[in-house]
Amino acid sequence: METTNNVMLMDHPLIQHKISMLRDKRTGTNEFRKLVEEIAVLMGYEALRDLPVEPVEIETPIEVCQSPMISGKKLAVVPILRAGLGMVNGILTLVPSAKVGHIGLCRDHKTHEPQEYYCKLPSPIEERTIAVLDPMLATGGSAEAAVDFIKTHGGKHIKFLCIIAAPEGVERLSHAHPDVQIYCGCLDRCLNADAYICPGLGDAGDRIFGTR
């Protein structure tokens with residue numbers, strides 16, 4: 001994994017292979033959805049390596065021992081609707097006990113800026129590690145707004161997981177929230193005039209849910 005400041009680029013061959021399959025316009029809805037979930041598992045494994053643990057007493061078939069388990073209020077998973085939903089089950093595969101919140105944002109097609117329409121977070125959010133999920137980090141507007149909302153509600157320990165990012169989005173989120181760790185599957189070339197990532201993979205939400 002390549003790390004620059006608060007940005008972690010996930011260069012694992014399995015992640016890169018699956019992202020290449022996502023990019024292919026011939027990849028159908030069912031396969032696309034499965035790939036997003038599989039990538040989320042692989043990214044989550046690395047992103048959650050610093051979850052706090054504490055020793056607990058366990059009785060094995062041989063003897064009683066002290067063994068580490070995740071401590072505290074554990075994890076909150078917060079997808080940005082709607083595309084972020086595709087990554088949720090991947091993270092829950094790793095931490096089934098995690099609580100799930102939702103942030104609903106839509107993009108104004110003229111300004112490309114996010115507009116909130118829904119926000120519900122697990123409580124107490126301030127005691128949890130929070131994984132914000134969105135397959136695409138394009139302009140960074142939605143990501144910045146989502147982290148703003150979480151911090152307004154008391155969230156402190158925030159990680160942002162995306163499969164593909166544009167340099168513009170990474171720069172914006174890093175500048176607005178330098179304390180947030182950004183985990184990125186692939187850093188693409190740029191945004192086009194319509195604020196889509198190039199080469200990207202199209203609209204992740206449409207491809208996950210089979211809509212246009």
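In this predicted model, helix 4 (residues 141–152) and helix 5 (residues 167–176) have axes that come within 8 Å of each other and cross at roughly 20°. Because angles under 35 degrees count as roughly parallel, helix 4 is described as roughly parallel to helix 5. The crossing in which helix 4 passes helix 5 is right-handed. On the side of helix 4, the contact is made by Gly141, Ala143, Glu144 and Val147, while helix 5 contributes Arg172, Leu173 and Ala176. Sorted by class, the residues in this contact of helix 4 with helix 5 are four nonpolar, one polar and two charged.

**Salt bridges**

A search of the whole structure finds eight salt bridges, and among them are the three pairs listed here with their N to O distances.

| Residue pair | Closest N to O distance |
|---|---|
| Arginine 23 and aspartate 188 | 2.7 Å |
| Lysine 159 and aspartate 50 | 2.9 Å |
| Lysine 151 and aspartate 179 | 2.8 Å |

The side chains of arginine 23 and aspartate 188 meet in a salt bridge, with 2.7 Å from N to O. Since arginine 23 lies in helix 1 (residues 13–23) and aspartate 188 in the loop between strand 12 (181–187) and strand 13, the pair ties together parts that are 165 residues apart in sequence. The two partners fall into separate accessibility classes: arginine 23 is partly exposed, with a relative accessible area of 23%, whereas aspartate 188, at 7% relative accessibility, counts as buried.

In the salt bridge between lysine 159 and aspartate 50, the closest N and O atoms are 2.9 Å apart. This pair, too, links distant parts of the chain, with lysine 159 placed in strand 11 (residues 157–165) and aspartate 50 in the loop between helix 2 (29–47) and strand 3 (53–59), 109 residues apart. Here the lysine is the buried partner, since lysine 159 has 3% relative accessibility and buried means under 20%. Aspartate 50, by contrast, is partly exposed, with a relative accessible area of 45%.

Helix 4 also takes part in a salt bridge, formed by lysine 151 and aspartate 179, whose closest N and O atoms are 2.8 Å apart. Lysine 151 belongs to helix 4 and aspartate 179 to the loop between helix 5 and strand 12, so that this pair links distant parts of the chain, 28 residues apart. In this pair, aspartate 179 counts as partly exposed at 45% relative accessibility, and lysine 151 is likewise partly exposed, with a relative accessible area of 29%.

**Backbone features in loops**

Turning from side chains to the backbone, the peptide bond from leucine 81 to arginine 82 is cis, with omega near 5°. Arginine 82 has its place in the loop between strand 5 (75–81) and helix 3 (85–94). A cis peptide bond also runs from serine 123 to proline 124, where omega is near 0°, and proline 124 is found in the loop between strand 8 (114–120) and strand 9 (129–133).

Alanine 195 carries a positive phi, near 65°, although the residue is not glycine. The position of alanine 195 is in the loop between strand 13 (190–191) and strand 14 (197–198), and with 6% relative accessibility this alanine counts as buried.

Methods
Residues are numbered from 1 along each chain as its sequence is written. This is a predicted model: local features need pLDDT of at least 70, side-chain atom pairs count only at pLDDT 80 or more; totals for chains, interfaces and linings use all residues. Side-chain values use heavy atoms; hydrogens and water are left out. Axes are lines fitted to C-alpha atoms, for helices over the stretch in contact, and angles run from 0 to 180 degrees between N-to-C directions. Helices (H or I, at least four residues) and strands (E, at least two) are DSSP runs, numbered from the N terminus. Angles under 35 degrees count as roughly parallel, over 145 as roughly antiparallel, 65 to 115 as roughly perpendicular and the rest as oblique. A crossing is left-handed if the near helix is turned anticlockwise from the far one by less than a right angle, and right-handed if clockwise. Contact means heavy atoms within 4.5 Å. Ala, Val, Leu, Ile, Met, Phe, Trp, Tyr, Cys and Pro count as nonpolar, Asp, Glu, Lys and Arg as charged, and the others, Gly among them, as polar. Buried means under 20% relative accessible area, exposed over 50%, partly exposed in between (1.4 Å probe, protein chains only). A salt bridge is a side-chain nitrogen of Lys or Arg within 4 Å of a carboxyl oxygen of Asp or Glu.
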